[in-house]
Amino acid sequence: MRNSLLPLALALATTGVAAQEKTITIAGQGAKSGVVRSFGLNSEAALFAAADQINKSGGVTLADGSKAKLKVEYYDDRCNAEEGISVIRRIAGTDALIAVGPGCSNVAEPMFGILQKKAGDASDTGLQMPVFTDVAIKVGLAKISEWAFRNVPNEATMYGSVFGWLKTKYPDAKTIYGGVEEDFAHSRASWYAVMKEKASAEKYEVLGESKWLLADTNFSNQVREMKKANADVIAISAHPFTTCGVLKEMQRQGVKPKVLVGLTSSSSLETLQGCGAQAEGIIIPTSFAPVSKEGIAAAEATAKFNGSADLHSMAAWENMFILKQVIESQKISGDKAKVQEDRAKIREGLANLKTTNGLMGTVKRTDEREADKPYLFVHAKDNKWAVLHNPSGN
Amino acid sequence: MDFYFGLIQLIGVHTLLGLSAYIVLLTGQVSLAQAAFFAIGAYASAMLTVLAGWHIVPAIAVGAVVGAALACAVGFPALRVKGLMLVIATLAFGEAVRLFFFNFDYQVAKGAVKVGPLGGEGFRQIRYFPENGWTTGDVALFIWVLVLAAMAFLWWVDRSRYGAVLRATGEDEVAAQAVGVNLTAIKVSAMTVGGAIAGIGGALYAHYTTHIEHSSFNILVATFAIAYPIVGGLASVFGVLLAVIFVQGFLVEALRALGDWRNLLFPALIVLAMNLRPRGILDAQALQRLKSLVGRS
Amino acid sequence: MLDLLQSLCDGVMFGATYALIGIGFTLVFGVMHKINMAYAAASVGAAYLGLIVFALGKGVPALAVFGAAFVAGGVLGFLVYVLAFHFIPLAYPLATLMSTVGMLLLIDEVIVHVTAGMPQNYPSLYDKMFDAGGFTVRGDLLMIAAVSVVCMLALLALLFRTRLGLATRAVSQQPIAAQLCGIQVARVNATTFIITGLLGGIAGALIGASVGTLSPLLTTPLTVKGLIVTVIGGLGSIPGAIVAGFLVGGLENVVQYWRGVTERDMYVMLLLFLFLVFRPGGLFGGAKGRD
């Protein structure tokens, strides 16, 4: 009897100790509804996978030297502005120190709008909750509030590089024609403010653009315009559904440009699943491909949590590791009674970062709380995304 | 606490949206154009506070007026169309208004930055509340003062002769005409009141989300507008409130605990609700029973 | 000028897809005087279900997908009837409006959950393009137009030459008198839904084939177009739905050619609104606005 009591007592004692284990909660926010559901699923998987890896190697170190495990709570905002605001307020009411998200740019903008504009401005009653975005990519959102930070690729830099490289690889291609999804802020901005400008800067003659809406299904007019323009390069700034529609119509009407360029968001499984055959050869710059050891490991870890690794979900993965670094360097207390102080410390920590670690190399942080991420070019080959060119020469 | 105030704000604005469709539904017209009046109230009031520096209260009043004006303009041609065709006609009008805002650019330079609606990009930085020190609780209170005013007005209408005439028109137009009801006046006035209420709701929506764009006023919003009175029941204004709390409070927020299942349960419960209570949660029978319960105590 | 005519031609041809969806909407309305808002969603859902045949193994012919979609359409149609119509008394049109909206959202969510919202490649049945004196015409859209005409003839034959059709017309005109004659109203209504569902399955699959990719983005625009076509053609008129389909398709493309894509729908919607105000009965209905 006495022999069995001792191990039992020991077991109880150790579980008692384990129950005292500290946790730091990090919230995730994204859309798990509608056509963007895969974005939410993948980000969620990446966050859980990253937290799992961090926890397996001991967790994060708090100000008093003790260790804490990271806990992730993921919220679905259904890509709806009002719900997104409701979710961030709900998150602010929990002990989560920061929210990673959101997925949709049309949620990010109102959500950042309700945050306090300048940290420490007592006359501004905006919400004081740090947000670290992984997916929402519309240009220039982080400058809306000093509590908003983003780890999304800088399309201006990437496309500048794409067109520069294309000039050397295809010297006889001189003209460019665009296709743009007009009613989606991201794709629209990416053509007019990014692709068109960078192509002109590289001395391409911009012959014009064809426009459509994100739910359109008939592209006969637009592709006929493309055919008439007969440009060497066609750049399609649209998401997978309409990109596939346009590519199929191009096949029907026999439009075959020398070079086909696509939108960053379309370098995902969706395009291959929707129109793998027609997408063959399309060139897209991306801030993630599983080329490095860490990248491959991250992709495998995320796959274990049923997510796929792409430029969006891997930003979420990177965010977790950046947050570990900030939590430790800012000496976060982890005290549930000092949540707001910890949040302010994390905000300051993120604001002071000049560089962060990315899966493709070092990421520079800008003064406007955006990221300048290393990138490479992929192209669709045999129904897979293959690396076409790595501008940093790795 | 912030979260609960935010939820209260949301329920308030959606109640206004529902009430705007409620009064039009009383006259037997199913209008999918309420989102359009919501939109014009939003853009008008936001432009006044952001571009012209107005105080929020007159801006909301202007939102109500333009919503009412637009609704009045729609009310007259809508007289010629009945039933399902009115649904489509109002849907078409609503979409036309949304697409107008999709193409609407009006930017003014304020210092180094340009502000104002920018077509597809929307209208950002409508920050009257945070810039003027309103807390979430202050905004919730403000919204609910307006909601209660609207509910009180409609409740009073229900007890007045005007309300009886509205419902008579909704039940049987021919009979109503036979007893001398001026159908034009009744239907157009109901539409106008609905437009005003939607305009107020839209103005509040713009200011508490700080960012509006054309897709904030799409067919789904128009459908929710009529869903609230239909699911809630047309017997009383409280039906609308009940439906908003059911949909936004229960289906959207409370069911969040169920994770992924929430998205599937949401429409399934709406289908179930319409099967179990086809006249709405708070239909005439239920209202009678509630009244007798209260009368007894 | 040639461009404008080609635009018109392309638009009219694409309108065949609207016509096909419109037939189903208008038939349900004609029989039950209720609108089934979930019709387009069920048709797209049936198209998705058609893709299941590919899970059975490689080398499955494309035709099998269409066959599967056909059957799935009938099943989904019956499901919509049971869940959104059967238990709701006929006197409450608002209730069925909401219950079918609920079904539309439910079908959408199921599609999103099963496919994670990702677009699915759809096999095409007929790829040829026809050149006719400077104009190109899409062969698959011609086929869709032919199919809609065939469906129209089949439905008209069903309605006017069979006992089921007789019972259906009786129920739509006088439900109580029909019951007195021994016609089981519930069974007739269920059969109407199954038949329109079968038609919807074909419509969904053909539309999927013409677009080339299936996505949950398809359901809302198809619902709106289907309703527009139903109403312009005249509620309950099957030939009206077909003519209206071609008309709306052509108009859309011409307006797009003339004013660009951002203003296209605005003009189409305004024109629709004015059309309804001045001719509330639709093309083939009375001018009085009876509904």
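**Nonpolar core.** I started with the largest nonpolar core, which has 330 residues in this predicted model. B:Ile88 and C:Ala69 have the most contacts inside it. I then asked which helix gives the most to this core. That turned out to be helix 1 of chain C, residues 2-32, with 15 residues. Chain A is in there too: domain 1 and domain 2 each supply at least three residues to this core.

**C:Ala69 up close.** Which residues is C:Ala69 in contact with, leaving aside neighbours within four places in sequence? I found C:Ala46, C:Ala47, C:Leu49 and C:Gly50, plus C:Gly201, C:Ile202, C:Gly204 and C:Ala205.

**Chain C as a whole.** I counted 11 helices and four strands in chain C. Its C-alpha atoms fill a box of roughly 60 × 55 × 35 Å along the principal axes. I wanted to know how the radius of gyration sits against a compact globule: for 291 residues the expected value is near 19 Å, and chain C has 19 Å, so the two agree. Of those 291 residues, 57% are buried. I also looked at contacts in chain C between residues at least 6 apart in sequence, and 74% of them join residues at least 24 apart.

**Chain A domains.** Next I looked up how chain A is divided: domain 1 takes 22-153 + 291-372, and domain 2 takes 155-286. Their centres, over C-alpha atoms, are 31 Å apart. Where they meet, 12 residues of domain 1 are in contact with 15 residues of domain 2. I sorted the domain 1 side by class and got five nonpolar, four polar and three charged residues.

Note on methods: Residues are numbered from 1 along each chain as its sequence is written. Chains are lettered from A and ligands numbered from 1 in the order in which they are written. This is a predicted model: local features need pLDDT of at least 70, side-chain atom pairs count only at pLDDT 80 or more; totals for chains, interfaces and linings use all residues. Domain bounds come from an automatic or database domain assignment. Two residues are in contact if their C-beta atoms, placed from the backbone, lie within 7 Å. Ala, Val, Leu, Ile, Met, Phe, Trp, Tyr, Cys and Pro count as nonpolar, Asp, Glu, Lys and Arg as charged, and the others, Gly among them, as polar. Helices (H or I, at least four residues) and strands (E, at least two) are DSSP runs, numbered from the N terminus. The radius of gyration is taken over C-alpha atoms; the globule rule is 2.2 Å times the number of residues to the power 0.38. A residue is buried if 20 or more other C-beta atoms lie within 10 Å of its own, exposed if 12 or fewer, and partly exposed in between; C-beta atoms are placed from the backbone. A nonpolar core is a set of buried Ala, Val, Leu, Ile, Met, Phe, Trp, Tyr and Cys residues joined through C-beta atoms within 7 Å.
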